[in-house]
Amino acid sequence: MKIAALFPGQGSHAVGMGADLAAAFPEAGEVYSQIDTVLPGLRALIETGPLDELTLTANQQPALVAASTAAYRAWRAHTGLTPAFAAGHSLGEYAALVAADTLSLGDALRLTRRRGELMQDAVPVGEGAMSAVMGDPATVQAVCAALDGVQPANFNAPTQTVISGTRAAVEAAGAELKARGLKAIPLKVSAPFHCALMDSAAQGLAPQLQTTRFAPPAFPVYANVTAQPNTDAAALPGLLTAQITGAVRWVETIQALHEAGAEVFIEFGPGTVLTGLVKRILPEARTLNVGTAQQVQDFTL
């Protein structure tokens, strides 16, 4: 049975995530021990909060990579299973690369801490915005193309597209989309992610990505910006740089995984956001969640 391993992005975090895994499985415990070595203080923040500090982009990004990696490594050790493919939503692409043994956990934690800092600093608070739009994605693309300062950021589901850009442009796009019968819901975010306003963050992270060691992946990891499998380690710095300003092509990614033969989609880490999106993209798909010690222990295919 071909397994597609999925790793969530920002918004799936929770205080205490992964703590039960770290206590129950040595492989997860090693992940949480490494957090202390690489980013001192982050483990305590994950385990005890406060939530508002954990939610800060620079903390949330490496914290989610750690929690997802802990779940994946505990599951793999307990079941002996290996996925055929992996994909991560935005930030989750880093956890997918760790799972494929392309990127070390330490480098992933350092990169996502810096990524979070750069993304938060790229746009002054209040100047950017994001909205979730319910309706035809082609209409969303057309409206964004006709306006300066706004673009599709996440193609999450067949009828859910997130737009991102300057506050004025996102509001103007929202008004036009509503006039066309679509529903636009402003999101509570700290910055306008996956749009051209993140260019300074992309340029800031690029040198660190270029000097990071990427090994050939144990299995293909589908890139956000292409929605295609990548097995070329040398391409990763460019793909991860482009990801910061480019759209997350999640619908195409899940469809491509299905076409490649994925029979079950497993979301590793806290929350159920991705399995919910998979069901909206492929209603008949089999989905499972692995984010707690109990889910690892009870796991069956």
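Guide: Welcome! A residue is buried when its relative accessible area is under 20%, exposed when over 50%, and partly exposed in between (1.4 Å probe, protein chains only). This is a predicted model, where local features need pLDDT of at least 70, side-chain atom pairs count only at pLDDT 80 or more, and totals for chains, interfaces and linings use all residues. Residues are numbered from 1 along each chain as its sequence is written, and side-chain values use heavy atoms, leaving out hydrogens and water.

Visitor: Is serine 164 buried or exposed?

Guide: Serine 164 sits in strand S5, residues 160-166 (strands are DSSP runs of E, at least two residues, numbered from the N terminus). Its relative accessibility is 0%, so serine 164 counts as buried.

Visitor: Which backbone oxygen does the side chain of serine 164 reach?

Guide: Leaving aside neighbours within four places in sequence, serine 164 has contacts (heavy atoms within 4.5 Å) that include Gln151, Phe193 and Cys195. At 3.4 Å, its side chain reaches the backbone oxygen of proline 192.

Visitor: Why is cysteine 195 not bonded to cysteine 144?

Guide: A disulfide is a pair of cysteine sulfur atoms within 2.5 Å, and a search of the whole structure finds zero. Cysteine 195 counts as buried because its relative accessibility is 2%. Its sulfur is too far for a bond with the closest cysteine sulfur, in cysteine 144, at 10 Å.

Visitor: Which residues touch the most other members of the largest nonpolar core?

Guide: Such a core is a set of buried Ala, Val, Leu, Ile, Met, Phe, Trp, Tyr and Cys residues joined through side-chain atoms within 4.5 Å. Of the 73 residues in the largest one, those touching the most other members are Phe7, Trp75 and Phe268.

Notes: Helices (H or I, at least four residues) and strands (E, at least two) are DSSP runs, numbered from the N terminus. A polar contact is a pair of N or O atoms within 3.5 Å; within protein, one must be able to donate a hydrogen and the other to accept it, and residues adjacent in sequence count only if both atoms are side-chain atoms.
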